[in-house]
Amino acid sequence: MSGNGNDFQNNDGPVNEAALRESDQIATELETPNDDRSSASGDMSGIIKVYDPGSKSEISMSGDIITAIGGSCELRASLHDVIIASSGGATYYSRSHQTSPLILSEIHRIETINGEASRKAPVDMTTLAEMYRQHYQRIKAGGFGVGRNEHSRMQRDLMSIVAKAAARNASDIHIVVNKDHAVVRFRVDGIIEHINEMQPQYAFELLSAAFVLADTSDTAYQKRAYQGARISSLTSELPTGVQSLRLQFNPLANEGRYLVIRILYEGSGIEVGLNDLGYSEGQIRQISIMTARPVGINILSGPTGSGKTTTMKSILESVIRRRNGEVNTITIEDPPEYIIADAQQLPVTNAKTQEQRSEAFTQAISAGLRSDPDIIMIGEIRDLASAELAVEGALSGHPIYATLHANSAMDILVRLRDMGIDDFKIFDPTMFCALAGQRLVRRLCPKCRMPLNHSEKAEHFDKLLIDRIRGMIGITPDKLTGPRTLYAAGSGCENCSNGYRGRVAVSEIILPDERFMAIMRDGHRYEARKYWFEEMQGLDMLGYAWIGILDGKFSPVDVENSVGLLQPADVHRHALESWFGRHGGNSVESG
């Protein structure tokens, strides 16, 4: 699934206290020159020999145990029972887990870093435990030289940066390295913030260490290539609350390097409902209808970073709970980002070029369709092949959930037509039965928000924006605008971060009927939207965002930056009047 993932920042406070404490702890560790972790990274001149009962033979390893704590391919302690590798080219893994995807992934990662193993074989778990025991015993006894592993130190420096970002509930970390300087920036509540600067050589080494730590299909780090990777909590010790990191390495024109780290957070055992994400009660009822249908394709659209991943996770988990876990839910993602409870998540792997990625994605979808699914989720419909497979899944009697990059719910149909799907399939409401779009908007802090005319940030409200606000007021029922005050962000307080308290989704949902589809098929977009608003009691993202402005939840500037200009169509008047008639002027949370 694409998107931000950590796309929603709904914490009541601006700081993740657990992550903040952990960042301080990591920073302290970085200043400690000789700790237990660094002592495990030296070269081991001796040979470890252990008798393996399963193979009835003696197993030996020479060189450094690179999967030990502090090694260049360090594994978390919980994986020491199932895999071990040495710099001498030997890799052994648990006989009981030799078909585990995690083990296969770890072997691939180790060989990416250390080269292809000259010896690779399954052994008993007790054999693995004894090898690690001998290794650490020799370190403790000082039986061979020890020294600080530079990659391990840099990797912990990287995790210190991640911990600090997690303490701020940042969605992304940007590390930009130029020839003469490097900068670190965090994206917090959708806004880029400058954090600090560092020496370029140090930053280049930091990026190289990040690549070594990650799962990647590339065999080597290439400073002049585009490379993607992922660091998972299953294989690395990540800061508290962080589930995984998605890395994108980019070359810069000035021989620099640019790394973007998307932080994906754990749910901490808390079920995040759609209302927590910003969906209104009316929209949640629409989603209930959508998920009750036994067949058909349900598509969620939006740009990168619009929260599609988090919303789709919430929808799927609600469906699985409602069905008491008695369904086989399969997801196809590139790569899997959030862990979805009780779902089988199939990754798209070993794809370097766009063509290979498209082929691998298509293979994964085909495999999912052959794996006895009850529900299928496609992380992203990206081309004609994946779109046709989604249609095939629906035609075979499965409910299909998918994401798509499109500007709006209505534009989903246009994108599918541009991809090459036949009209008789696209415009069949029993085939494409739910269309949704969403954006993320920063939520004003209710404690320190300021009326527009008193805001310290009033310089952002130019004459054209004021004119557009008046235009929106002009098409809004008087009882809805009445005594309400429009707000902007304040200067910040102890309850928020710079006047904001996270981001929430502003969404639109269409459950199309035959008439709506017929109008869209004939290319009459205005008439289709009018029918949606007037006959289907619909409301688009702009309408919901405007109600959020009237509620004091959003600033007009933030809505225009995230959703679109406050330029209503004539049909918005009827839609808002209909919404007001149904909800009596209550807040958008009831709408």
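Biologist: In this predicted model, which residue of β4 is the bridge partner of Ile-83?
Modeller: Strands β3 and β4, the latter covering residues 90-94, pair in the antiparallel sense over 3 bridges. Ile-83 falls in β3, which spans 83-85. Its bridge partner in β4 is Tyr-93.

Biologist: What is the order of the strands in the open sheet of 3 strands?
Modeller: The pairing in this open sheet is mixed. Its edge strands, each pairing on one side only, are β3 and β5 (119-123). From one strand to the next the twist averages 15°. The order is β3-β4-β5.

Biologist: At about what angle to β3 does helix α2 run?
Modeller: Helix α2 is made of residues 101-114. It lies across β3, β4 and β5. Relative to β3, helix α2 runs at about 10°.

Biologist: How many of the residues of β12 are buried?
Modeller: On one side of β12, Gly-296, Asn-298 and Leu-300 are buried, and on the other side Ile-297, Ile-299 and Ser-301 are buried, so both faces are covered and the strand is largely enclosed by the rest of the structure. The number of buried residues is 6 of the 6.

Biologist: Which residue of β16 is the bridge partner of Leu-300?
Modeller: Strand β12 is joined to β16, residues 399-404, by 6 bridges, and the two run parallel. Leu-300 is one of the buried residues of β12. In β16 its bridge partner is Thr-403.

Biologist: Which residue of β17 is the bridge partner of Ser-301?
Modeller: Strand β12, residues 296-301, runs parallel to β17, and 5 bridges join them. Ser-301 is among the buried residues of β12. The bridge partner of Ser-301 in β17 is Gly-437.

Biologist: Which residue in β20 stands opposite Val-441?
Modeller: Strand β17 covers residues 432-444, and 12 of its 13 residues are buried. With β20, residues 500-510, strand β17 pairs in the antiparallel sense over 9 bridges. Opposite Val-441 stands Val-504.

Biologist: Within what arc do the buried residues of α13 fall, seen down its axis?
Modeller: Helix α13 has 12 residues, 463-474, and reaches 16 Å from its first C-alpha to its last, close to the 16 Å expected. Leu-465, Arg-468, Ile-469 and Met-472 are buried in α13. An α-helix has 3.6 residues a turn, so residues three or four places apart point the same way. The buried residues of α13 line one face of the helix because they fall within an arc of 100°.

Biologist: Which helices do the buried residues of α13 pack against?
Modeller: The face of α13 turned away from its buried side carries the exposed residues Lys-463, Leu-464 and Arg-470. The buried residues, Leu-465 among them, have packing partners at 541-550 and 556-562. These partners are α17 and α18.

Biologist: Is Asp-342 buried or exposed?
Modeller: Asp-342 is found in the loop between β13 (329-333) and β14 (343-347). Beyond its neighbours within four places in sequence, Asp-342 is in contact with Ile-320 and Thr-329. Its relative accessible area is 56%, and the cut-off for this class is over 50%, so Asp-342 is exposed.

Biologist: What separates the C-alpha atoms of Asp-342 and Val-327?
Modeller: Along the chain, Asp-342 and Val-327 are 15 residues apart. In space, their C-alpha atoms are separated by 8.9 Å.

Biologist: Is Leu-213 buried or exposed?
Modeller: Leu-213 has its place in helix α5, residues 200-213. Leaving aside neighbours within four places in sequence, Leu-213 is in contact with Arg-109, Gln-155, Met-159, Ile-231 and Ser-236. Its relative accessibility is 10%, and the cut-off is under 20%, so Leu-213 counts as buried.

Biologist: How far apart in space are Leu-213 and Ala-229, C-alpha to C-alpha?
Modeller: In sequence, Leu-213 and Ala-229 are 16 residues apart. In space, C-alpha to C-alpha, the distance is 9.4 Å.

Biologist: What percentage of the residues in the chain is buried?
Modeller: The secondary structure of the chain comes to 19 helices and 20 strands. Its accessible surface comes to about 25100 Å², with 48% belonging to carbon and sulfur atoms. Of the 591 residues in the chain, buried residues make up 55%.

Note on methods:
Residues are numbered from 1 along each chain as its sequence is written. This is a predicted model: local features need pLDDT of at least 70, side-chain atom pairs count only at pLDDT 80 or more; totals for chains, interfaces and linings use all residues. Side-chain values use heavy atoms; hydrogens and water are left out. Two strands pair if DSSP finds at least two bridges between them. Helices (H or I, at least four residues) and strands (E, at least two) are DSSP runs, numbered from the N terminus. Axes are lines fitted to C-alpha atoms, for helices over the stretch in contact, and angles run from 0 to 180 degrees between N-to-C directions. Contact means heavy atoms within 4.5 Å. Buried means under 20% relative accessible area, exposed over 50%, partly exposed in between (1.4 Å probe, protein chains only). Accessible areas come from the Shrake-Rupley method with a 1.4 Å probe; for residues, only the protein chains shown count as cover. The expected span of a helix is 1.5 Å times one less than its number of residues. The arc is that of the directions from the helix axis to the C-beta atoms.
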